[in-house]
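Student: I have a model open on my screen and would like to learn how to read its features. Could you walk me through a few of them?

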Amino acid sequence: MNPIEKVAPSLDWMTIVLFASLMVMALGKYMYHSRFLNFIILPFNDKYVLLHNKKGQLLNWFHILLTLFQVVNLSLFVFFVLKAFGVLPGEDPLWVFLMVLGGLVLFQLVKLGLQSFTGFVFNAQELIVGLIFSKTSYLNYSSIILFVANVILTYILKDSKTVIYSAFILILLINGIGAIKLLKNYQKAMFPYFMYFILYLCALEIAPLVLIGSYLKG
């Protein structure tokens, strides 16, 4: 009788990514419970932004943990979008995910650097930090939608474009609410820098979306 070799099944890397990101969110909730309660109602009440939008909040651990949760889930969602639309590179899926993750992290760091430099040039550091914190907070909230969509795309409806479109619409809705509240809260402060604000939107917010849409369409 030939010996039977037992091979332990390898862990699904997507499950590990989802679980790790969930642990990051849980850690933030555990360490900053009251702040998390304010954050979870952000689209309906901007108390979180008004209370915590102060100097140094970008480096607060709660904000850092949520941003990490956002970047990881955004990267996995982009991976699923590439896969669903048949434009996923023919390489190891985990390696593709890591490249997407690295690209998004690099893009976010470059954008943050450009925003900070512009704020320094125009002597509007406080305004820029406030805008970054508000915008990132709504994007971090959107990552909850991304997490749910990623779970569905991983275990229930694989490569479902309906799930992708639904998540995209909800994300646009949440960040649209954030943009309206941001303009309302900062309209007076932003008026002297109106041209910069328009250039910023075109170069760092709208252009990447146009490039991604063109890539998927092509």
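Tutor: Happy to; we will take helices, aromatic pairs, a salt bridge and a surface patch in turn. Keep in mind that this is a predicted model.

Student: Let's begin with a helix. What span should helix α4 have, and what is the distance between its end C-alpha atoms?

Tutor: The general idea is to count the residues and allow 1.5 Å for each. Helix α4 covers residues 61-84, which is 24 residues, so it should span 34 Å. Its end C-alpha atoms are 34 Å apart, in agreement with that.

Student: Is α4 mostly covered or mostly open, and how many of its residues are buried?

Tutor: Here we ask which residues have under 20% relative accessible area. In α4, 17 of the 24 residues are buried, so the helix is mostly covered by that cut-off.

Student: What happens at the two ends of α4?

Tutor: At the N-terminal end, look for a side chain that caps the helix. N60 does this for α4, with a side-chain oxygen 2.8 Å from the backbone nitrogen of F62. Just past the helix, G86 has a positive phi of about 70 degrees.

Student: Which residue other than glycine has a positive phi, and where does it lie?

Tutor: Most residues other than glycine have a negative phi. D159 has a positive one, near 60 degrees. You will find D159 in the loop between α6 (125-155) and α7 (161-190).

Student: What does the side chain of D159 meet?

Tutor: For a salt bridge, we check the distance from a side-chain nitrogen to a carboxyl oxygen. D159 and K83 make such a bridge, at 2.9 Å from N to O. The two partners are 76 residues apart in the chain, D159 in the loop and K83 in helix α4. The count for the structure is one salt bridge.

Student: Are these two partners buried, exposed or partly exposed?

Tutor: D159 has a relative accessible area of 35%, so it is partly exposed. K83 is at 34% and therefore also counts as partly exposed.

Student: Now the aromatic rings. How many aromatic pairs are there?

Tutor: A search of the whole structure gives 12. To read one, take the distance between ring centres and then the angle between planes. F39 and F62 are 6.0 Å apart centre to centre with 85 degrees between their planes, an edge-to-face pair. This pair joins helix α2 (residues 33-40), home of F39, to helix α4, home of F62, across 23 residues of chain. F39 has 0% relative accessibility, so it counts as buried, and F62 is buried at 0% too.

Student: What are the centre distance and plane angle for Y48 and F133, and how is that pair classed?

Tutor: Their ring centres are 5.8 Å apart and their planes are at 25 degrees, so this pair is stacked. Y48 sits in helix α3 (residues 47-52) and F133 in helix α6, 85 residues apart. Y48 is buried at 1% relative accessibility, and F133 is buried with a value of 1%.

Student: Which residues form the aromatic cluster?

Tutor: Y32, F36, F39, Y48, F62, F133 and Y141 form one cluster. Both pairs we just read have their residues in that list.

Student: Finally, which residues form the nonpolar patch on the surface?

Tutor: For a patch, we look for accessible nonpolar side chains that lie together. L94, W95, L98 and M99 make one, with about 360 Å² of accessible area together. M99 belongs to helix α5 (residues 93-121). With a relative accessible area of 39%, M99 is partly exposed.

Terms used:
Residues are numbered from 1 along each chain as its sequence is written. This is a predicted model: local features need pLDDT of at least 70, side-chain atom pairs count only at pLDDT 80 or more; totals for chains, interfaces and linings use all residues. Side-chain values use heavy atoms; hydrogens and water are left out. Patches are made of residues with over 30% relative accessible area and no salt bridge: like charges are joined within 9 Å, nonpolar side chains (Val, Leu, Ile, Met, Phe, Trp, Tyr) within 5 Å. Accessible areas come from the Shrake-Rupley method with a 1.4 Å probe; for residues, only the protein chains shown count as cover. A salt bridge is a side-chain nitrogen of Lys or Arg within 4 Å of a carboxyl oxygen of Asp or Glu. Helices (H or I, at least four residues) and strands (E, at least two) are DSSP runs, numbered from the N terminus. Buried means under 20% relative accessible area, exposed over 50%, partly exposed in between (1.4 Å probe, protein chains only). The expected span of a helix is 1.5 Å times one less than its number of residues. A polar contact is a pair of N or O atoms within 3.5 Å; within protein, one must be able to donate a hydrogen and the other to accept it, and residues adjacent in sequence count only if both atoms are side-chain atoms. Rings of Phe, Tyr and Trp (its six-membered ring) pair if their centres lie within 6.5 Å; planes under 30 degrees apart count as stacked, over 60 as edge-to-face and the rest as tilted.
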